[in-house]
Amino acid sequence: DTIVAALEPAVPERIPAGHFGLMSAGGVFFGMNPKSKRRFVVSVTSGGGWGGRPFEDGEPASVTVCQGDVRNSSIEEMEMKAPIIIDSRAVRKDSGGPGKFRGGLGSVMRVHNLAEGRWNLERPRRQNCPPWGIGGGAPGEAGQKYMRMQGEAEFKEVDVSRYPVDPQTEVLIHGGSGGGWGDPLARDPERVRWDVIEDYVSADSARKHYGVVLRDDLSIDANATMKLRGELERSRSGATQATI
């Protein structure tokens, strides 16, 4: 990723934005299965987003550039082999870096364990270097891990290794996302509208980052969109002049 980014000044039309850059976006749960009396280890992996490219959006919730053809195990297989329930696994709305070509969305996996055991849920290492945008694109997200013990009302951020937990502990794993390529205000409003329909981007984010105004029926308000994009451009110019 770093080498590719270093080539951007020479060949910007061929370079993608930053990729989530981790071997895994998951966690590891292990212990003794109370039913089989056998030890188990289960790795709950979930992909992250790739950077937007000069010609298309980044891939969502995929494996990293260094994993080749590695695939996720099926949910059914993991639940049969270990005392866990995977409540959901999905792409994470609004996680991709905004751009003319949007960064690939990160993932979210929600899991709870049915037996005592230990969790490895280390914080992703890209907290201080999130996947960068290119050519005016915004950065993606590094990802995060969360836990909620039985009886607790809220999930809390965690960075733990071999952490003992009771049954019915819940875990949220947020995989990182890709950076955006190009100015978000240059994105085709129809692409933004489709992202909202597909639940990749919220209507609020469509306005805030892309300057696209949607009506209640999700049709594009062309006049309001043109006006809002003009206002966002002027606010940027004012911020730049104030900085100078």
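This section describes the strands, nonpolar cores, aromatic pairs and selected residues of a predicted model.

Two open sheets are considered in turn. One is built from four strands in the order E2-E1-E5-E8, and its pairing is antiparallel. Its edges are taken by E2 and E8; each has a single partner strand, so one side of each lacks a neighbour in the sheet. On average, and with direction ignored, neighbouring strands of this sheet are turned by 20° against each other. Strand E1 (residues 27-32) runs antiparallel to E2 and is joined to E2 by six bridges. The two strands form a hairpin with six residues between them, and Lys37 in the turn adopts a positive phi of about 60°. Within this pairing, Phe29 stands opposite Val42 of E2. Elsewhere in the sheet, four bridges connect E5 and E8 in the antiparallel sense, with Val160 in E8 as the bridge partner of Leu121.

The other open sheet comprises five strands in the order E3-E4-E9-E6-E7, again with antiparallel pairing. E3 and strand E7 (156-157) are the edge strands, each pairing on one side only. Between E4 and E9, the antiparallel pairing extends over five bridges. One residue pair that illustrates the bridging to E9 is His112 with its partner Glu170.

The side chains of E2 alternate along the strand. Phe40, Val42 and Val44 point to one face and are buried, whereas Arg39, Val41 and Ser43 point to the other face and are not buried. Val41, located in strand E2, counts as exposed because its relative accessibility is 66%, against a cut-off of over 50% for exposed residues. Leaving aside residues up to four places away in sequence, Val41 touches Val28, Phe29 and Phe30. The C-alpha atoms of Val41 and Val28 lie 7.1 Å apart, with the two residues separated by 13 residues along the chain.

The largest nonpolar core contains 18 residues, of which Phe29, Val42, Val44, Ile84, Trp119, Leu121 and Met147 touch the most other members. At least two residues of this core are supplied by each of strands E2 (39-44), E3 (84-91), E4 (107-113), E5 (117-121), E8 (160-165) and E9 (170-174). E2 provides the largest share, namely three residues. The surroundings of Ile84 include both nonpolar core members and other residues: when residues up to four places away in sequence are not counted, Ile84 touches Phe29, Val42, Val44, Met78, Glu79, Val111, His112, Asn113 and Leu114. A second core, separate from this one, has seven residues, among them Val192, Val196, Val201 and Leu214. In general terms, nonpolar side chains tend to be buried together in soluble globular proteins.

A search of the whole structure yields three aromatic pairs. Phe29 and Phe40 form a tilted pair, with 5.5 Å from centre to centre and 50° between the planes. Phe29 belongs to strand E1 and Phe40 to strand E2, so the pair ties together parts that are eleven residues apart in sequence. Both of these residues, Phe29 and Phe40, are buried. The pair formed by Phe101 and Trp181 is also tilted, because the ring centres are 6.3 Å apart and the planes stand at 45°. Since Phe101 lies in the loop between E3 and E4, and Trp181 in the loop between E9 and helix H3 (189-197), this pair ties together parts that are 80 residues apart in sequence. Phe101 and Trp181 are both buried. A single aromatic cluster is formed by Phe29, Phe40 and Trp119.

The loop between E3 and E4 also holds Ser95. Ser95 is buried because its relative accessible area is 2%, where the cut-off is under 20%. Not counting residues up to four places away in sequence, the contacts of Ser95 are Leu105, Gly106, Gly140, Glu141 and Ser177.

In helix H4 (residues 203-210), Ser205, Ala206 and Tyr210 are buried. These residues cover an arc of only 105° around the axis and therefore lie on the same side of H4. Asp204 and Lys208, on the other side of H4, are exposed. Just after the helix, Gly211 takes a positive phi of about 65°.

Methods: Residues numbered from 1 in each chain as written. Predicted model: local features only at pLDDT ≥ 70, side-chain atom pairs only at ≥ 80, totals over all residues. Heavy atoms only, no water. Core = buried A, V, L, I, M, F, W, Y, C linked by side-chain atoms within 4.5 Å. Buried < 20%, exposed > 50% of the residue type's maximum accessible area, 1.4 Å probe, protein only. Contact = heavy atoms within 4.5 Å. Pairing = 2+ DSSP bridges. Axes fitted to C-alpha atoms, helices over the stretch in contact; angles between N-to-C directions. Arc of directions from axis to C-beta. Phe/Tyr/Trp six-rings, centres within 6.5 Å; stacked < 30°, edge-to-face > 60°.
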